[in-house]
Structure formats: C-alpha cells, structure tokens
Amino acid sequence: MSYAIEFSNSPLQVAIHRLDNWLGKHTLPYWAENGFMLNGSAIEGFLANGQADVSANKRIRVQARQMFCCAYASKQGWLKDAMHKVNQLDNFVQQHAQIDDSGMFSHILDNQDKVADPSVDLYDCAFFLLAYAWRYAVFNDLHALFKANQLIDSIEAKLKGSSAGWLEGSYEYPWRRQNPHMHLFEAFLALYQATRDAKWLGYAGEIFGLFENVFYDHEHGVLREFFTHDWQLSKTKGDIVEPGHMMEWVWLLQEYHRYTNKPVAHYCLTLYRQALALGLSTTNGNQRLLFDQVDLKSGQSAQTKRCWPMTEWIKASLAMARTQPNPEPYLDDARIAIENLLTHFVNPQHPALYVDQLNSDNQVINASAPASTLYHLLMAHAEAIQYL
Ligand SMILES: O=P(O)(O)OC[C@H]1O[C@@H](O)[C@@H](O)[C@@H](O)[C@@H]1O
C-alpha cells in the first residue's frame with residue numbers, strides 16, 4: 001500500500017527519510033564492510049570506538065540475525081553480495097556449531113570459534129527459523145526451507161514443553177519465558193508469509209493460545225515475562241515487565257490478524273497504552289524514550305533505555321495507525337519514536353553506528369553497537385518505508 005499522497009513531506013515522512021538514509025547509506029554499508037570476520041562469521045558488535053569487537057564470545061543467534069539482515073539488505077538493494085555473505089554465515093555455523101543432523105546449533109562459541117556452551121537454546125532456534133524464512137523469501141533458497149523444516153522437527157522432538165509451548169533449551173533453567181516464544185511466533189509468521197504453508201500458521205496459533213492464556217495478564221493489561229514450569233506466574237520475577245516486548249507483541253498480533261482475522265484489537269490497544277503508561281520516559285519534555293524494564297508492583301524502573309525498544313515502538317505505532325479509526329496520534333508517535341531514536345542512539349563519534357544504552361539522564365552508558373540490534377533497526381525500517 002502506498003501512502004505517498006496523504007503523507008508526502010509530512011514530518012513523519014521527513015523522519016522516515018532520515019531513518020532510511022541513515023540505515024541504507026551509512027549503517028548497513030559500515031556493517032557490510034566491517035562487520036564480518038575473514039572466515040565469514042558475523043562479529044558480535046562494534047566497540048564504542050567503532051572497531052570490531054573481536055574478543056567477544058559469539059552468540060550463535062547473532063549469526064542467524066545477521067543472515068536475516070543480509071537478506072533484508074538485499075531486498076532493499078543495499079547489499080550486492082548478500083547471498084555470498086549468507087552462504088558464508090551458513091558454512092560457518094555448520095562447521096563450528098552444528099549439532100549432529102538435528103539442524104540445531106551450540107549456543108555460544110568463544111573468540112577462537114570453539115564451542116563455549118554446547119547447549120541448544122530455543123531463542124537461538126527462533127532466529128534461525130526467521131533467517132530461513134527470509135532466505136527463502138528473498139533468494140528462493142530451497143536449502144533454507146529444508147533447514148527450517150528440519151529445525152522445527154528437532155524443536156518438537158527435543159524441546160517440547162510439558163504443558164504447551166517449548167522449553168528454554170536443552171539445559172536446566174528455573175523459569176519459562178515468553179521471550180523465546182515471542183520470537184518463535186515472529187519466525188512462524190515469517191515462514192507462513194514466505195511459503196503459505198498452513199503448518200507454520202498452525203504453530204503460530206499454538207503460541208497465540210499461550211499469549212491469550214498465559215503471557216497476557218487480562219487483569220493488568222500487561223505482558224508477563226517469567227513463569228514456573230507449569231506456566232504459573234513466577235513469584236520472584238513475575239512482576240518484571242518490558243515495554244519493548246509489549247510493543248513487539250502489538251506489531252506481531254497485527255501480523256497474526258492479517259493472516260487469520262483473529263480479533264486482536266483489544267490486546268493491541270491495551271498493550272500499546274500500557275507500554276507507554278508504564279514505560280515512557282519523558283525526561284526534559286520532548287525526549288521520549290522507553291525504559292528497559294519496569295516492576296509492575298512498585299512502578300519502579302531501572303531508568304536505563306536500550307536502543308532496540310525504540311524500534312519496537314516505531315513498528316507498534318505504525319501497526320496501530322494502520323488499524324485504528326483515528327491514526328493521527330499513532331502516526332505522531334511514530335514520528336516521535338523515529339526522531340528520538342535518531343537523536344539519542346546514533347553514535348556521535350561514529351555516525352554510521354548506534355549506541356546501545358542510556359542512563360536516567362539520557363547519557364550514553366554503553367556506546368557499543370551490538371550486532372543483535374541491527375535486526376531490530378531493519379525490521380522498523382521495513383514497517384516505516386511503507387509510509388513513503
Ligand atoms: O539483548 P540482545 O541480544 O541485543 O537482543 C535484543 C533484544 O531483542 C528483543 O527482541 C528481545 O528479545 C530482547 O529480550 C532482547 O534483549
């Protein structure tokens with residue numbers, strides 16, 4: 001859909017053009033040029049001084065997120081050798097982290113690319129599924145589709161939870177969390193969108209059921225994060241809520257609605273409102289950023305703000321604008337979120353890069369640029385450019 005006439009040269013469009021220009025002309029080229037090792041693996045991130053962080057352990061999920069980024073960048077015409085980069089990433093994970101013929105990978109490699117943590121992690125799996133969906137969609141990569149099917153079969157065989165959903169991983173963990181399920185939901189929807197194979201929508205439906213029955217707190221209108229093994233709210237960590245995740249669900253639920261027509265409007269409206277009511281930091285008037293975490297009982301927040309929740313706010317506000325009878329306040333929110341992202345999270349010393357985290361005064365406390373954030377920025381870009 002094109003919004004060109006209605007929104008041409010609106011302040012929102014101006015903000016989106018800035019975002020598009022930053023990501024397409026600066027950020028992505030910097031990553032493409034400097035964000036990969038000689039053996040084709042993705043770096044974990046850039047340090048505050050703009051140098052590649054080659055001393056960090058490699059989280060396997062990052063390799064998958066960067067496969068997605070390459071596919072997305074190729075779709076935008078930003079990356080000529082995207083397929084080559086994806087193949088290199090694929091070879092790298094197969095060579096260094098693959099676990100037998102399960103299609104699963106070890107959780108963490110050290111900086112010499114030796115396995116540091118051989119566990120299988122559900123959250124990692126979700127990002128491989130997402131990468132495979134995009135590889136199939138963008139490159140018609142049938143091997144990726146094969147791998148998606150192989151991986152979901154292994155997830156079913158090895159990580160099925162006792163009562164709905166899946167386990168955190170192949171290791172002991174005191175809780176079960178919504179977070180990996182949220183990313184599985186995202187991956188299943190992407191696989192459905194790419195293949196139109198109803199099997200993936202079926203899996204997404206399982207997670208929607210969990211959302212309605214477990215993750216969403218109907219009384220308080222929030223998303224809960226931590227649960228016991230039988231999906232009761234955790235007594236110790238159950239009050240932690242994350243505004244960024246609530247925004248993430250708003251966008252995901254709208255996607256689910258597109259394919260199923262399930263009524264999600266009430267959830268979206270409530271989560272959106274509550275994410276802002278609980279999580280919006282308004283230091284100095286028009287500086288609007290989202291807190292990383294809030295304690296629902298005390299209302300206290302950590303006061304820190306990471307970059308990625310802003311990208312989720314952009315996605316959520318635009319998804320709301322598409323579906324609400326009066327889109328104006330949401331379009332305005334999208335503009336505010338984009339402007340604040342660009343004001344506070346672009347690294348002033350290295351403007352191709354972002355910074356990761358701010359403190360209560362919106363001063364930078366972590367100026368590194370994690371690779372894992374690039375996926376968030378590109379997802380927000382995908383949503384935003386629909387308004388150009
Ligand atoms: O924390 P990293 O790995 O940078 O990922 C960034 C964030 O991505 C989001 O989608 C959530 O899943 C968060 O819980 C996570 O923290």
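Let's start at R59: an N or O atom in the R59 side chain lies 2.8 Å from an oxygen atom of the ligand. That fits a polar contact, a pair of N or O atoms within 3.5 Å. The protein covers 89% of the 370 Å² of accessible area that the ligand has on its own, with areas taken from the Shrake-Rupley method with a 1.4 Å probe.

Before I go on, a word about the model. It is a predicted one, where local features need pLDDT of at least 70 and side-chain atom pairs count only at pLDDT 80 or more, while totals for chains, interfaces and linings use all residues. Residues are numbered from 1 along each chain as its sequence is written, and side-chain values use heavy atoms, with hydrogens and water left out.

Back to the ligand. Y123 has a side-chain N or O atom 2.6 Å from a ligand oxygen, and for H376 the value is 2.8 Å.

Who else is around the ligand? Among the residues there, meaning those with a heavy atom within 4 Å of it, are R61, R65, N179, H183, H245 and E248. R306, W308 and S372 are also part of this shell. By type, the shell has two nonpolar, five polar and five charged residues; here Asp, Glu, Lys and Arg count as charged, Ala, Val, Leu, Ile, Met, Phe, Trp, Tyr, Cys and Pro as nonpolar, and the others, Gly among them, as polar.

Which helices each supply at least two residues of that shell? They are helix 3 (60-75), helix 7 (178-195), helix 9 (243-260) and helix 13 (372-384). Helices here are DSSP runs of H or I with at least four residues, and strands are E runs of at least two, numbered from the N terminus.

Now for the strands, which pair if DSSP finds at least two bridges between them. One open, antiparallel sheet has three strands in the order 2-5-6. Its edges are strand 2 (58-59) and strand 6 (115-117). Strand 2 is joined to strand 5 (residues 108-109) by two bridges, and K58 stands opposite L109.

Another open sheet, also antiparallel, runs 15-16-17. Here strand 15 (305-306) and strand 17 (364-366) are the edges, and K305 faces L358 of strand 16.

Conventions: Polar contact = N/O pair within 3.5 Å; in protein donor to acceptor, adjacent residues only side chain to side chain.
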